[in-house]
Amino acid sequence: MGLNENLIQAIEKIEKARVRTDRHRIVRLVAVSKYATSQEIQALYECGQRAFGENKVQDLQEKSDKLNNLPLEWHFIGTLQNNKINALLKLKPTLLQSLHSLNLAYELQKRLERDNLTLKALLQVNSAKEESKSGFLPEIAQESYHKIQEECPNIKLCGIMSIGAHTQETKIIQKSFEVSYKIFESLKTRGAKTLSLGMSGDFELAIACGSNCVRLGSILFKNA
Ligand SMILES: *Cc1c(COP(=O)(O)O)cnc(C)c1O
């Protein structure tokens, strides 16, 4: 199987899940390229894919640098350490999907204000309350969203990102998606537009639960 076949199959599955749930919803595909080389990213771009996601600032830096002649859209999806903020902002990512703490929001705001920049971001919610994961606990997600909107004017929040529960049990994964969906719904009046849920193992379920942005890595790049 090649990259093109992988992409076509993924798009077909997304499309089926989308039509089953809501014909009027547009579902965005972010190709998570953390397992991929720059050559593979370029090959997928040539198949029509534009949006890519990385979870390490250094990888994003290297790959976006190598591919800077292509009109790619870069999403950052990893845990961001304070000492990497400047490097990330220099790369002008399309969307920071993983705004995972108030402290990070304040540190971002300081630098954005200083450099007169804005940054689009999603609030990351730790919907399954897993210790290994970053993100706001569901109980404080809504108030934290409001707080960031009020106190960090250079951060443009546009929705929620979450990783499904780490288990094989569909019911539990579904529950974690439903937690995120509820929070997303409650923030629509605050301008929330993107609900980023779903990875290679659970994106069809995520779409059924309301996701309009899936982040697919292994299904696209493995065995290509
Ligand atoms: C790695 C990663 C993905 C993609 O995972 P796959 O299972 O390979 O599709 C999606 N989201 C985040 C935050 C990730 O770190």
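# Briefing: chain build, helices 2 and 3, and selected residues

The accessible surface of the chain is about 11,400 Å², and carbon and sulfur atoms account for 47% of it. The model is predicted. The chain holds 9 helices and 8 strands. Its radius of gyration is 17 Å, close to the 17 Å that the globule rule gives for 224 residues, so the chain is as compact as a globular protein of that length.

**Overall build**

- Along the principal axes, the C-alpha atoms fill a box of roughly 50 × 40 × 35 Å.
- Buried residues make up 50% of the 224 in the chain.
- Take the contacts between residues at least 6 apart in sequence: 59% of them join residues at least 24 apart.
- Positive side chains number 31 and negative ones 25. The centres of these two sets are 2 Å apart.

**Helix 2**

- Helix 2 covers residues 38–46.
- Its buried residues are Ser38, Ile41, Leu44 and Tyr45. Viewed down the axis of helix 2, they fall within an arc of 120 degrees, so they line one face of the helix.
- Gln39 and Glu46 are exposed on the other side of helix 2.
- The cover over the buried residues of helix 2 includes three helices by name: helix 1 (3–21), helix 3 and helix 9 (218–221). Strand 1 (28–32), strand 2 and strand 3 are also part of that cover.
- Gly48 comes just after helix 2 and has a positive phi of about 115 degrees.

**Helix 3**

- Helix 3 runs over residues 57–66, with Val57, Leu60, Lys63 and Ser64 buried. These four span an arc of only 135 degrees around the axis, which puts them on the same side of helix 3.
- The other side of helix 3 carries the exposed residues Gln58, Asp65 and Lys66.
- Two helices pack against the buried residues of helix 3: helix 2 (38–46) and helix 4 (85–90). Strand 2 (51–54) and strand 3 (73–76) pack against them as well.
- Helices 2 and 3 therefore appear in each other's packing lists: helix 3 is among the cover of helix 2, and helix 2 packs against the buried residues of helix 3.

**Lys63, a buried lysine**

- Lys63 sits in helix 3. Its relative accessibility is 10%, so Lys63 counts as buried, the cut-off being under 20%.
- Setting aside residues up to four places away in sequence, Lys63 touches Ser33, Lys34, Ala36, Ser38, Ile41, Glu54 and Trp74.
- Among these partners, Ser38 and Ile41 are buried residues of helix 2.
- Glu54 is another partner of Lys63, and strand 2 (51–54) includes that position. Trp74 is also touched by Lys63, and position 74 falls in strand 3 (73–76).

**Pro138 in helix 6**

- Pro138 belongs to helix 6, residues 138–151.
- Its relative accessibility is 17%, and because the cut-off for buried is under 20%, Pro138 counts as buried.
- Outside its neighbours within four places in sequence, Pro138 is in contact with Val125, Asn126, Ser127, Lys129, Val179 and Ile183.
- Val179 and Ile183, two of those partners, have positions within helix 7 (residues 170–186).
- Between Pro138 and Ile173 there are 15 Å in space, C-alpha to C-alpha, and the two are 35 residues apart in sequence.

**Ser180 in helix 7**

- Ser180 lies in helix 7, residues 170–186. With 0% relative accessibility, Ser180 counts as buried.
- Ser180 is in contact with Ser127, Ile160, Ser162, Leu195 and Leu197, leaving aside its neighbours within four places in sequence.
- Ser127 is a contact of Ser180 and also of Pro138.

**Positive phi outside glycine**

- Lys92 is not a glycine, yet its phi is positive at about 45 degrees. Lys92 lies in the loop between helix 4 and strand 4 (95–99).
- Lys92 has a relative accessible area of 59%, so it counts as exposed, the cut-off being over 50%.
- Lys129 is a second residue other than glycine with a positive phi, near 55 degrees. Its loop runs between strand 5 (119–125) and helix 6.
- Lys129 is partly exposed at 47% relative accessibility. Pro138 is in contact with Lys129.

Conventions. Residues numbered from 1 in each chain as written. Predicted model: local features only at pLDDT ≥ 70, side-chain atom pairs only at ≥ 80, totals over all residues. Heavy atoms only, no water. Rg over C-alpha atoms; globule rule 2.2 N^0.38 Å. Buried < 20%, exposed > 50% of the residue type's maximum accessible area, 1.4 Å probe, protein only. Contact = heavy atoms within 4.5 Å. Areas by Shrake-Rupley, 256 points an atom, 1.4 Å probe, with all protein chains shown as cover. Lys, Arg positive; Asp, Glu negative; His and termini not counted. Charge placed at Lys NZ, Arg CZ, Asp CG, Glu CD. Arc of directions from axis to C-beta.
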